Every structure is written in C-alpha cells, then in structure tokens.
2 protein chains.
Amino acid sequence: MNETPGFRPLYRQVYDIVVRRVAQGVWRPGEALPSEQNLARELGVSQGTIRKVFDALTAEKVLERHQGKGTFIAENTQERAQFRFFRLARPDGKRLAPSFGSETIRVRAARAPERERLELARDARVVEIDRVRLLEGVSAIREHIVLPADLFAGIEKLGPLPNSLYSLYQSKFGVNIVTTHEQLSAQLATAEDHRQMGVDAGSPILVIDRTAVCLPERKVEWRLSRVRSDDLVYAVTLT
Amino acid sequence: MNETPGFRPLYRQVYDIVVRRVAQGVWRPGEALPSEQNLARELGVSQGTIRKVFDALTAEKVLERHQGKGTFIAENTQERAQFRFFRLARPDGKRLAPSFGSETIRVRAARAPERERLELARDARVVEIDRVRLLEGVSAIREHIVLPADLFAGIEKLGPLPNSLYSLYQSKFGVNIVTTHEQLSAQLATAEDHRQMGVDAGSPILVIDRTAVCLPERKVEWRLSRVRSDDLVYAVTLT
DNA sequence: GAGTGGTCTAGACCACGCA
DNA sequence: GCGTGGTCTAGACCACTCT
C-alpha cells in the first residue's frame with residue numbers, strides 16, 4: 001500500500017499532526033485552533049508552513065478560516081452538511097430540505113456484504129436505520145443506512161434522528177464525514193416503494209448507493225436511497 | 001453582478017492575465033508556459049505570486065505542473081477527458097470507454113429552450129448532434145448535443161467525431177471545457193430508446209442533462225444523454 | 001490598539017528531468 | 001550541470017474583527 005517517498009516534506013508531517021488532533025477531538029467542532037504564529041512556535045516550524053497546512057485542510061473543508069478571527073474546525077451544521085452531500089433538487093434547480101417521515105433503528109450482527117462494504121471484522125455488529133423522508137410534505141426518499149456499531153454506540157436511543165445525520169455523527173460521535181462515493185442507477189418502483197412512498201409500482205426510481213468516508217480514512221456508512229424521480233433530479237457539478 | 005471588492009489582490013490581476021492568455025491561445029495546449037521566474041520578471045511581481053496563480057490554475061485543472069520540466073496547459077487528451085466528465089461504469093466500479101455507434105449532425109436555427117440554456121441571441125444558429133455510443137459492443141448511450149454554431153464553425157464536416165468531444169473542442173476550436181453541471185433523473189425507456197438501443201420500452205433509463213462551461217465563463221454545450229441502466233451506474237465522488 | 005488571517009516579497013536550498 | 005518546480009524560512013505590510 002505504501003510507497004517509499006524517499007522524501008517527506010515538513011508540511012506533510014505537520015498536516016498529519018493536525019489531522020490526528022482533529023480526529024482525536026483535541027479541538028472541538030466550532031472551536032478556534034491556535035493561531036498560525038502560536039502553532040508554528042509550538043511545532044518549531046515557520047508560519048508559512050502552518051499556513052500551507054491550514055490552507056490545505058480548508059480546501060478539504062476540514063477547517064474554516066476567518067480573517068481577523070481565527071481558524072476553526074468546520075462544523076457540519078444542519079444547513080451546510082445538508083447541501084454538501086444532499087444533491088436532490090427540483091428540475092428548475094431549487095434546492096429542497098427534507099423533513100422527517102418515519103424511521104426504525106436496529107442493532108444486529110453484520111452480514112457478509114455489509115462487512116465487505118464497511119471493511120468490518122467477522123464478528124462485527126452494525127446499526128441499521130430505515131427511514132422515509134418527505135419533501136414538501138410528500139414521501140419522496142426511502143433510505144436504508146448501515147453503520148458500524150462500535151463507532152455509533154447508543155445511536156439507537158437518540159431517535160427521532162435529525163434530518164442531516166452527518167451533523168449528528170460529528171457532534172455526538174466525533175465522526176467527521178469528508179467524502180462520499182455514490183453510484184446512481186435507474187430502477188423500477190417495487191411494491192415496497194409503492195407502500196412507503198405512494199409511487200406507482202413500475203414507475204422510474206433513482207437509486208443512490210453511497211459509501212461515506214470519515215476523516216482518518218475509514219468507511220463508516222453505507223446508504224442506499226430510493227428517490228421518486230417524477231419531480232426530482234440529482235444535481236452535481238463536475239470540475 | 002459585480003460587488004466592489006475595495007481591495008484587489010495582486011495575484012488576482014495576474015490570474016486574470018494568465019487566464020486571458022490561455023483563452024486567447026497565446027500558449028497552445030500541451031505547450032510549456034514561461035517559468036515562474038521568467039513570468040515574474042515579465043510582469044514585475046515576485047516568483048511567489050506567480051506560484052500562487054499557477055497553483056490555483058493547476059487546482060482548476062487548467063494547468064499541469066511537472067517538477068523539473070515546467071508548467072503546461074492541461075491537455076484534454078482522449079484518455080483524461082474521458083474519465084474526467086464521463087462517469088459511467090459497471091456496478092463493480094470498472095470504468096468503460098465507449099466506442100462509435102452512429103451519428104447525425106445538423107446546423108440550424110436555435111430554438112427558444114436552446115437559446116435560453118446556452119444564453120444565445122434570437123437569431124443564433126446551433127449545431128445539433130445525435131449519436132449512439134456503444135459500451136463493449138452494445139448500444140448503451142443515446143446523446144443529443146446542442147452547440148452554438150459560431151464557436152464550432154465547420155464541425156459538421158469533421159465526422160465521424162471522436163469519442164471524447166471535449167478533446168476535439170480544445171484542439172480544433174480553442175474551447176476549454178472546465179466545468180459541467182449535470183442533472184440526473186430516472187425515466188422509462190421510450191419506443192425510440194427501443195429502436196436505437198434495443199432496450200425494452202418501459203425499462204428504467206438514466207437521463208443526464210448536462211450544461212458544459214468553458215474557460216472564459218460561457219455555456220457552450222447542452223447535452224441530453226439517455227443511458228441504459230441494466231448494467232451501468234453513474235459514479236461520482238462528493239467532497 | 002491588539003490579534004488574527006491574507007498578501008507580497010526575497011532568498012536559500014532540495015528534488016527532479018534532461019542533455 | 002543546468003533549469004525547472006517544490007519546500008521552507010523570515011519579515012513587512014494590509015485587511016478584518018473585536019474590545
């Protein structure tokens with residue numbers, strides 16, 4: 001897995017130190033980090049090197065910088081996390097905020113495909129969340145979510161869960177989601193889709209298969225979403 | 001549209017100069033730009049300022065830097081452009097390269113929705129391309145592409161067009177695609193889908209509605225793709 | 001006014017590609 | 001060995017926020 005770089009820049013080492021501290025919760029979400037000058041003194045490097053690290057982590061949306069105020073851990077607030085990973089919108093481009101429909105939460109042994117997807121041990125347990133979310137009052141999204149139980153102990157007692165789970169993951173479990181990999185496909189609505197969302201069986205459904213990755217590189221969520229596609233689109237910008 | 005910044009950093013002005021030169025073709029795709037030192041001398045700024053600009057444009061994939069060699073205009077080669085904006089893959093993650101199926105090209109007056117999408121004048125003309133592409137020998141993608149005719153004069157004489165049009169846009173027409181906005185939805189296969197791709201009418205189809213934007217901010221392509229979804233997914237990473 | 005991040009500069013040295 | 005980009009430093013000054 002690892003190549004031998006033969007050369008490891010200083011800012012890389014500083015980067016790793018800062019990431020480790022963020023992941024370990026040395027600084028809390030929303031809190032200010034030490035200033036460039038202070039951290040530079042503490043680590044024995046120049047301010048420019050700290051700046052390079054902070055800039056990189058800001059680009060990755062792990063930190064936020066505010067001129068005159070300081071550098072902060074980026075907060076996955078409801079509003080922001082919402083539109084960072086939630087890509088559904090009306091065809092005219094209008095973004096929508098989903099609301100609570102229904103949910104069930106279970107903790108159970110992981111099955112083979114789940115262990116593979118989340119890279120879990122043979123005896124691992126998972127949390128399974130099934131929920132329906134509404135858009136403008138109408139059932140529009142069915143989600144099936146699987147989490148490793150060791151990272152999210154007690155989450156089943158927190159229901160009803162908030163709209164944006166990633167905000168909860170960060171504030172209650174110290175899990176910072178930084179990347180998601182999604183695979184979209186078109187499928188036909190099943191009888192279950194009809195029961196849960198009221199769409200006609202056989203109508204087109206957008207299916208989103210997502211793996212979410214948290215800050216110290218680990219796959220921590222597998223989410224299957226089934227979305228009614230009559231008046232919704234998945235909007236994304238490629239660069 | 002424009003706020004008054006009240007303060008315009010030097011690197012911003014340099015950035016604009018470099019972008020203008022790239023868009024005007026002062027340097028050709030694949031060519032080396034002047035070195036940081038030389039450009040710094042020419043523009044009367046420090047090397048660090050040039051570096052900041054080059055780094056930003058490298059992040060935007062407009063430039064490519066190679067230690068020991070120089071800084072180059074990023075080339076939309078077939079291989080690279082392919083996988084930058086072409087997101088279709090097998091469910092197991094295997095990326096595929098489409099091949100030529102059939103195509104027809106027309107030049108005609110723009111219709112109202114096309115003028116709106118591409119921000120064209122009332123009397124503008126457009127190039128219309130309809131083509132079918134194959135994946136592993138099987139008809140899999142129907143594309144309907146609309147381009148402003150003024151930017152792509154004579155493209156109708158170049159057929160058969162290559163797999164990746166963006167490579168052609170760059171090398172033959174000086175149009176650098178840097179961003180695409182896509183809206184995905186699920187629909188049912190029509191009789192036309194059946195004729196062109198052999199899929200059963202009523203089976204699920206992934207529809208991709210794309211607007212492509214080129215370097216000096218302008219919408220230069222509207223593309224509607226209909227993709228058979230039986231063994232294909234649209235894969236994307238969100239950060 | 002004090003403290004923060006943002007810009008800009010100048011210079012040294014390192015890693016890399018190529019002739 | 002030369003020229004390129006990549007790293008690292010030190011210092012000056014600017015813009016912004018808060019008290």
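Colleague: Which residue is the bridge partner of A:His181 in β8(A)?

Modeller: A:Thr211 in β8(A). Bear in mind that this is a predicted model: local features need pLDDT of at least 70, side-chain atom pairs count only at pLDDT 80 or more, and totals for chains, interfaces and linings use all residues. Residues are numbered from 1 along each chain as its sequence is written, while chains are lettered from A and ligands numbered from 1 in the order in which they are written.

Colleague: And what do you call β8, exactly?

Modeller: A strand is a DSSP run of E with at least two residues, and a helix is a run of H or I with at least four; both are numbered from the N terminus.

Colleague: How many bridges are there between β7(A) and β8(A)?

Modeller: Eleven, and the two strands pair in the antiparallel sense. Two strands count as paired if DSSP finds at least two bridges between them.

Colleague: What is the bridge partner of A:His181 in β10(B)?

Modeller: B:Thr237. β7 (residues 177-188) of chain A is joined to β10(B) by five bridges, and the strands run antiparallel. A:Thr180 also has someone across from it in β10(B): B:Leu238.

Colleague: What is the strand order in the open sheet that holds these?

Modeller: β4(A)-β5(A)-β6(A)-β9(A)-β8(A)-β7(A)-β10(B)-β3(B), eight strands with antiparallel pairing. At the edges are β4 (99-109) of chain A and β3 (88-89) of chain B, each paired on one side only.

Colleague: Pick another pair in there. How many bridges join β8 and β9 of chain A?

Modeller: Ten, between β8 (residues 204-214) and β9 (residues 218-228), running antiparallel. For an example, A:Arg210 has A:Arg223 as its bridge partner in β9(A).

Colleague: What about the open sheet that starts at β3(A)?

Modeller: The order there is β3(A)-β10(A)-β7(B)-β8(B)-β9(B)-β6(B)-β5(B)-β4(B), eight strands with antiparallel pairing. β3 (88-89) of chain A and β4 (99-109) of chain B are the edge strands. Within it, β4(B) and β5(B) run antiparallel over ten bridges. B:Ile105 has B:Ile129 as its bridge partner in β5(B).

Colleague: How many residues of each chain are in contact?

Modeller: 25 of chain B with 24 of chain A. In contact means that the C-beta atoms, placed from the backbone, lie within 7 Å. On the chain B side, β7 (177-188), β8 (204-214) and β10 (233-238) each give two or more residues. β7(B) gives the most, with eleven.

Colleague: How do the residues on that side divide by class?

Modeller: 14 nonpolar, nine polar and two charged. Nonpolar here covers Ala, Val, Leu, Ile, Met, Phe, Trp, Tyr, Cys and Pro; charged covers Asp, Glu, Lys and Arg; the others, Gly among them, are polar.

Colleague: Which residues touch the most other members of the largest nonpolar core?

Modeller: A:Leu184, A:Leu206, B:Leu184 and B:Leu206, out of 90 residues. Such a core is a set of buried Ala, Val, Leu, Ile, Met, Phe, Trp, Tyr and Cys residues joined through C-beta atoms within 7 Å. Leaving out residues up to four places away in sequence, A:Leu206 touches residues of both chains, including A:Val227, A:Tyr234 and B:Leu184. Another core, of eleven residues, lies apart and includes B:Val18 and B:Leu63.

Colleague: Is A:Glu136 buried or exposed?

Modeller: A:Glu136 is exposed, with 11 other C-beta atoms within 10 Å. The cut-offs are 20 or more such atoms within 10 Å for buried, 12 or fewer for exposed, and partly exposed in between, with C-beta atoms placed from the backbone. A:Glu136 sits in the loop between β5 (125-135) and β6 (138-148) of chain A. Its phi is near 50 degrees, positive although the residue is not glycine.

Colleague: New topic. Which residues come nearest to DNA strand C?

Modeller: A:Ser35, B:Leu10, B:Ser46, B:Gly48 and B:Gly68, out of 21 around the strand. Near means a C-beta atom, placed from the backbone, within 6 Å. By class, this surface has five nonpolar, 13 polar and three charged residues.

Colleague: Which element gives the most to that surface?

Modeller: α2(A), with three residues. α2 (36-43) and β2 (70-73) of chain A, plus α1 (10-24) and α3 (47-59) of chain B, each supply at least two.

Technical notes:
Two residues are in contact if their C-beta atoms, placed from the backbone, lie within 7 Å.
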